[in-house]
Amino acid sequence: MRDVTKARRVPAIAAGAVALGSLAVGAVAVGALAIGALAIRRVAIRHARIARLEVDELVIRKIARPE
């Protein structure tokens with residue numbers, strides 16, 4: 001009887017290990033997506049600041065030298 005119980009327990013442990021492994025892979029993927037989203041956001045903010053500075057510079061030039 002004991003051997004049968006042991007034989008049933010091993011596949012269950014293996015299945016649990018596989019499930020935990022897939023959860024870990026999923027967590028890593030979600031983390032990578034979050035890091036990527038933050039990086040894209042930083043780049044977008046930087047470009048918006050540069051564009052705003054360029055517009056400010058054009059306005060200053062227009063005020064300094066009206067046509």
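**Exercises on a one-helix chain**

E57 has 39% relative accessibility, so E57 counts as partly exposed (buried is under 20% relative accessible area, exposed over 50%, partly exposed in between, with a 1.4 Å probe and protein chains only). Keep in mind that this is a predicted model, where local features need pLDDT of at least 70, side-chain atom pairs count only at pLDDT 80 or more, and totals for chains, interfaces and linings use all residues. Residues are numbered from 1 along each chain as its sequence is written, and side-chain values use heavy atoms, leaving out hydrogens and water.

**Exercise 1.** Find the residue whose side chain meets that of E57 in a salt bridge.

*Solution.* Start with the rule: a side-chain nitrogen of Lys or Arg lies within 4 Å of a carboxyl oxygen of Asp or Glu. That gives a count of 1 salt bridge. The partner is R61, at 2.7 Å from N to O. Next, place the pair: both sit in helix 1, 4 residues apart, about one turn of the helix (helices are DSSP runs of H or I, at least four residues, and strands are runs of E, at least two, numbered from the N terminus). Finally, R61 is partly exposed too, because its relative accessible area is 45%.

**Exercise 2.** Work out whether I63 is buried or exposed.

*Solution.* First, locate I63: it's in helix 1, residues 2-64. Then check its relative accessibility, which is 65%, so I63 counts as exposed. For the wider picture, 0% of the 67 residues of the chain count as buried, and the chain has 1 helix and 0 strands.
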